[in-house]
Each structure stands twice: as structure tokens, then as C-alpha cells.
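Let's take a walk through the spaces inside a protein. Keep the sequence and the 3D view side by side as you read.

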Amino acid sequence: MYQIHDPKCNGMKNPVGLIDKLPRFSWKLSTDLNDLKQQNYRIRVQNEQKTLVWDSGTVESTAVFDIPYNGSPLCSHTDYTWSVISVATNSDKATSPHQYFSTAMLEGEWKAQWIEPTLSRKPLTDCTEMWKVFTGMVTSLEHPEEVLDPPVYLRRNFTISKPVAKAKAYATAHGIYELQLNGKVISAPLAPGYTVYKDYLAVQQYDITACLNRGTNCIGTILADGWYTGKIGFTGIGNQYGDTTAFYLQLELFYNDGTHETITSDEQFRWTTGNYAYADLFVGERYIQDKISSKWNSADFDDRSWQKVAVKNYGTANFAGQECEPVRVLRTISKPAFLNSPKGELIVDAGENIVGYPRITMHGKVGQTVKLTHSEVLDRDGNFLMNIMGQHKNQCDIFIFTRDSMVNYTPCFTFHGFRYIKVEGISTDNIESIEIDILGTDLDHSGSFSTSCDLINRLQENIVRSQSGNMLEIPTDCPQRERAGWTGDMQVYTPTACFNMDVYAFLSRWLKNMRYEQLPDGQVPNIIPSMESDKYIHFSQNKHISCAGWSDACMIIPWFLYQYYGKIEVLVDNFDMIHRWMDYVENQARTSHPKAAGVYSPEELERQQYLWNTEFHFGDWLYPSAVKEAEGNPILSAERTKEYVPAAMFAYTSRLMSKICTALNKKELAAHYRALNNNIRRAFAAEYIDSDGKMPVHIQGLYVLALQFDLYPANKKSMGIKHLKELIASNNGSLDTGFLSTPFLLDTLYENGEKELAYSLLYRETCPSWLYAVTQGATTIWESWAAIQPDGTRTNSSYNHFAFGSIGDFIYRRIGGLFPLEAGFRQIKISPDFDCGLAHARLSYNSNYGKIEVNWHKKAKGLLLEISLPVNVSGIVECNGQSYEVTSGKTTFTT
Ligand code: BGC
């Protein structure tokens, strides 16, 4: 059957609040038949009056994504429906169900005023001396209410005197807001999200038609610190984007009689504080029942005792529409287990390490205080352990009863990274129910694989869970300690991320934010959005705030997005940023050398200009032997490798840059980067590879990078492989690689005739290895290979970091056997490694054209290989030394 799947507009399912005047449409196609392509398509778009605003007509084309709208100009505040008919080359026909999208202010018709509570906020007393934070001298405060400010409640009434045809609300904030209309919550969690606020502030659109009453209506909002003024990032320092919260709201009311009215945030709003003593993303909330009347959000409430708001002129130039799926509750764990620890603690076990919050229904008595503290691990005896250290990392929500009652409590302005919740102040008898909501940006899952090896399957589940937990608004390093957009983490993980989920819109938006953050000198900060407090963790005395492997994300991520999704726009949109970054690196290499210029011979000086080898770099971050040697201090891994890793990465990025320039048809530039790459490789070999093929720091990661980036001259390559093999052997057959080299470790071995060794690392269960964590009961990927040490010691590491999950991509490609031959997987190669030591594997990847499936089974007497490709896609299958051509539909091979 010829079918349409996943119709999307701007990469989203039924997006609301677009400010794009030319939205783009996409769909995917499936069939059972071989050799089918799309012959033509026809898209139709209707407005609310069912008037056809665009009929593409029959377009003879195989195109199925990024088809731009080309009809009469779209209008603001309008709901459009669209559908597509696709006809195949055999005349089969498929029609999509009706989809919709809505437009926001297309012409910038913002009329509201920014309003601010006139709350006098507590002065910042946060510690800025990072050595104190690093050494555990600064811990979370016992009484956060002494330093945190309460969220504010804002309200105003407005009147409706005639029938409403449709009504839209637009809202955004400095801070995070919950918007209510006549007591009903209408906003999305954690809105407006986390972006580079000064340049990009997302505005949410809500359809409020059904929430309005004839007569008086009430708008109520609770405004909390969120990322804007909260204690965020590694440092836990507040006020990173401003020193007070503010709110912006515009309601557009369209009446049946054709008239139109706008209600806005303005001086008619009043504010007060209420049930929350504080509500911070990292610290948690302190909620005191009944501090505010439950009627505060209804039209008949008298707010004369509330205070007047201040009107501010923050402007609307940074307002952005919806460009990515919002944060939603992705799943609910309905029956977490209750545990009693040996110490007698009551602990709720979610059964998996997740990101979100509990919703609890409980009976309490006046004065009773219930405390919920969240953590990722228990100690080796099964007692509660707070693994996250640092400033303002409480992850603790407190509910205080002011009367005997039964309540439903769900935190609203915070979330946690946790598996366990220590529950204090209440017994299970008084807990009616507890559920756990898992929160994240609502991304489509696009890939999966399962094999005959249960541990590998669980590894894949853990990778996906870590991805989910770390894709909340931005790609983060971890969801508890920092929640920061560390560029290096996402860079190494992008290929795996693309296999697992549709991250195109999500990462494109983040890259847009990255473009805003680029410095005039071309540097791309290590963390996006960056924070003022980043300066305390730069390990650098000067203005160097970027580094190899991290800032390189600005080019490596667009390159992989292009490879996986086949959309050249991602290279076009980011090219200027990439080019400026490459110029910066080239200039650094040319002008800055480890030793004074006079020390070098002319020949050495000539090659130094191609070596990027100065300043601080995170290097091969967290390679395990250095972490062990430095007793957990991650900086040693950086210190040891910071001269060589940037030099190797520069070879990698110059090679990718020549490919990017070629893809964009910039021939001269492509030639420049090819020549640069040759010079870098020559200089690297001369400077850092000795006559025995050894490198100055004899560790696995450097050999991996040097082999992977072609830094070995042909006559020494086998020496490099030999050193890498020996290092693995002398490490008891275990890996010893950090963030930047791990993604390449298995491929390097595989491509250099050492595939058995590659698989032995993959299937290894002793520490350090991927499956070690799985055997320890991990449900996510750990930041450190030995987060739980073999003797059972729990370290203060994060238990939810996707970086080492970068192995996922190797499994998809080598065991599943799927490779793109053309950007976007229109042409593919399927070449599973049947000798990978497994009996079967099943892979599914929902590409931009549709679902690609590979399923292989090794049986006693041969092999079964089943392949299914979407319409328009064709490729080559390699099976037992033969190549076969395959097209759409199902194809089976048996040997
Ligand atoms: C983060 C990392 C990050 C690193 C920089 C850490 O604290 O958690 O994942 O990339 O700092 O090296």
C-alpha cells in the first residue's frame, strides 16, 4: 500500500504561532512495492473560511520535504489546514489527513507593554570562587528562602460583551510563566524556554477561544525565576540574564460581528506574592498552602490590595515564533516503587533515571512539612545519596500544609534529574498516589535497533533515555548539575542523536542561538546559551572562551545535520558562523605558539603556523586513566591533552570545511581548506609523531584522533595502529578514551583491520566500558565510565550525560549496516556486519524519505536478510561479498 506518513510543517507536527511567511511542508512515503517513486504531488492550504489560499497544482517531482508555501500572503493569527496528495510512478495515490498550522504576528503587530513586579529582590550573595565550588566547600543552602525570591502572581480582568469567533493569546517572559485564563492553565511547561534571550525570545501562542466567558474574564499569571534570574549552570549563580522577572501578554479577540479587540499586559495588571516562598529550576520549590486565596485567578476576586506593576520598555525586537516542538510531559510513570532504606528512609524509585517531577496526592495536617529530595543513585547499601554537589543544587521540593486536607501537588517552576526521591515528613499511609511525569522537548523518535544481545539492547535504551532527558529546550550536558548547552557534548553525540530522534528543528534552533552568541572575533563560546558566570569556569585568564572540539560544534553539527536530513539550508544558514570560526582558528594557529617565536628554527616556525596548540582546551575530556590518577579531578585529562587535541581537531575541521565548501559550490574556498588540511597534517606528523610512530602523550585517544584524521604519514600508519592496540592490551583490554576520541575509537580499529578488537571493546563488561554501566543497573549513560566504581563506591559524577552514548551511531552503521551514500539517505548502502558476534539485529530508521528497515538473522544453515525501503529511496546491499541493488518496498535475501 502506498501511504503518507508524518506530515509536518517547518519540521513540526501542527505547529502553532509561526512567524514564518513561507512555511515548508514535508511528508514521508511507504510502499510494499519495489522500484516506486513519487511521480507528483499536490499541496492544498485552506484558511479558516475554507478558502483555498494555495493550491500547488500537480507538481511533477520526487520532492517530499521542505516544499515552501507559495500561495496568497498568509495572515496573522490565522489557523490554516493543509493536506497533500502524492501520486506514485505506478499511479498509486495517497492523501494525507488534514494537518494544521497557525500564524502569529506576521507583521510584528506587538502592542503590549512589558510589565514588571515592583518586588524588591534580595541582593546576590552567590559564591563566585569556583575552587570553593569544585572542592565541595560550597554546598546547597539549608534555607534557600533566605536568598531566593518568591514567584509573583499577576492578574487583571477584562470584559467581553459580544460573541467571540476566535481568540489568541501571545505570551512571553523574562523568567518562566504559568498563564491561566479564568483559572484554567493554558500555557506549556517552562515557557518561554531557554534561548539567547537578548536576541531570541520565544513567544508562545495559545488558542483561548474556548476559555472565554461572556462578561468579565480574568487573566492570571505566576512568574518565576526560570533560567533568566534563577541559579543556573555549573556555578549556580543567579541573575545571568537580568536582575528581575517581567511578563508580556497580548490577547487578540475576534468577534462574530467582524470587529477585533486587543487586550494587553499594561498598568492594569496588579501583582502580589503567594503560595511559593521560592521556585528555582535547580533548587526546587517551597510551596505553602493557602498563602493566597484560591480565587485569585477568577474574575470576581478583589485585587485592590495587590500592588501596581511597573511598565518597562524592553521592546519586541528579539521576539521569535515557534521554531521547534515545545517541552511537554512525554510520559508518566504511574506506579513508582516505594523502598525503605536500611537507614529507615522512605524512598520512591522511578525505576529509571529520568527528567521531570512527581505529582503526589497526599493527606496532611496543619503545620506538616513534606520534603521531596531527588537524586540519581543510592549508596551501595541502598540508602539515599545526593550525588550532585555544588552551589544551589538542592533538587528538593517542599510542601507545607496550613490546614488538614488532601492535596494534589505537582511542582510547576522546577524539574529534576533523578531516579530516587527521598520523601520526608509523611508516611506511605498518607500518600494516596504518586506518579512521575517525564518532561522534555517533544521530539519524534526516528530510530531503533534491537539485537540478540540483551545488554546491547539495554545500552541502546539507556542512550535514548539520556538523549530524552538532555533535550529539554536545548541540548544539555546533564539534567541535574549544570543543564548547560555544552557544545562539545552535542558535537560528539550528533550522529547518534540524528539516528534516534528527529532533531533537525531542535538543533537548527540551537544553532541559530549559537550564531547570536558568536563573538566579533569569530569565537564560539563553549556553552550556548552562554552565561555571564561562564567566565568563572574558563580556566583562562584572557578573552579565550572557545575551545577545540567544543566550539567546533558550530561546523560539525551542521555538517551531520546535512548528512542525515539532506537539507542544504543548514549549511547555508550557518556558513558565515562556520567561516568566521575557521578564520579565528586559522589565525590562532598562525599567530600563537607554545614557545616564544625566537626558540623555533625557521622550519619549525613554518609548521607551527598550521598547529592550533595554545590556550586552554578541554582536550580528550575525562579519559578514564587521567580521571583515576587525579582522583576524580577532570582537569588533568584536559591539561595533558590540550596541546595535541586542538591540533588534531583542526585537521578534522579543515577537512570537513572543504567538504562543506564543495557542497555549497564554493570551489576556491574548498581548495583553500584542502591545502590547509594538507599543511596541518604534514605539520602535525612532523611535530608530534616520532620515528617510532609515537606521540608525546602516549594515550589511546591521541592515536585514535591521529589515525581517524589521517595524521599519520603512510609509512608510519601501521605504527600508530600498533601503539593503539598495545595501549588497549596493556589496559587489560579496555578503552581509555575521553569525550572527543570515544566516538571514533571503534571505527578507527574497524577501518584498520582490527574489527575483533573493536567488538571486544563494545561487548566488554568490565570497567571502563559501555556495558559495565549496564551491568551495574544503569538506565542512562554516565558522565564518567566509573561513576559507580567496581568496588561499589558511588562518585559525585552525573549519571545522565549522553556524550559517551556516541557509540550508538557505530551500532546503527556497523551492526545494523546503514550508511547514507547521498546526504539525506536517498541513496544508501546496507552492509551489516554479520560477523559482529550476534545472531540477529533489527534496525529501523525513519529518514526524511520514510522508514528504512534492516532485519537480519543468522540461522544454522544460512542467513536471512530483510530490507524495506521507502518510496524514492534506492541503494546497494552488500551481503556475503556480493553487491545487489535495492529499491523501495521489501526485499529479502537468503543464503
Ligand atoms: C560538563 C561537560 C562539559 C565539560 C567541559 C562539564 O562540567 O558536564 O559535559 O562538556 O564540563 O569539559
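Before we look at the ligand, here's a handy term: a polar contact is a pair of N or O atoms within 3.5 Å; within protein, one must be able to donate a hydrogen and the other to accept it, and residues adjacent in sequence count only if both atoms are side-chain atoms. With that in mind, find D489: an N or O atom of its side chain is 2.5 Å from an oxygen atom of the ligand. The side chain of W550 has an N or O atom 3.0 Å from a ligand oxygen, and a polar side-chain atom of W621 lies 3.3 Å from an oxygen atom of the ligand. The ligand taken alone exposes 300 Å², and the protein buries 94% of that (areas by the Shrake-Rupley method with a 1.4 Å probe).

A quick word on the model. It's a predicted one, where local features need pLDDT of at least 70 and side-chain atom pairs count only at pLDDT 80 or more, while totals for chains, interfaces and linings use all residues. Residues are numbered from 1 along each chain as its sequence is written, and side-chain values use heavy atoms, leaving out hydrogens and water.

Who else surrounds the ligand? Among its neighbours (a heavy atom within 4 Å) are R481, E482, F618 and H801. This shell divides into five nonpolar, one polar and five charged residues. Here Ala, Val, Leu, Ile, Met, Phe, Trp, Tyr, Cys and Pro count as nonpolar, Asp, Glu, Lys and Arg as charged, and the others, Gly among them, as polar.

Now for the closed spaces. On a 1 Å grid over the protein atoms alone, a cavity is a set of points where a 1.4 Å probe fits but cannot get out, and its lining residues have an atom within 4 Å of a point. How many cavities of 30 Å³ or more does a search of the whole structure find? There are 10. The largest holds about 120 Å³ of space (the space filled by probe spheres set on the points, which are joined across faces, edges and corners). Of its 13 lining residues, G11, S26, D502, K567 and N848 are the closest to its centre. Strand 2 gives the most to this lining, with three residues.

The second largest cavity has a volume of about 90 Å³. Its lining includes L459, W770 and F804, and by class it has eight nonpolar, four polar and no charged residues.

Conventions. 1 Å grid on protein atoms, 1.4 Å probe; cavity = no way out; pocket = protein on both sides within 12 Å on 5 of 7 lines; lining within 4 Å. Helix = DSSP H or I, 4+ residues; strand = E, 2+ residues; numbered from the N terminus.
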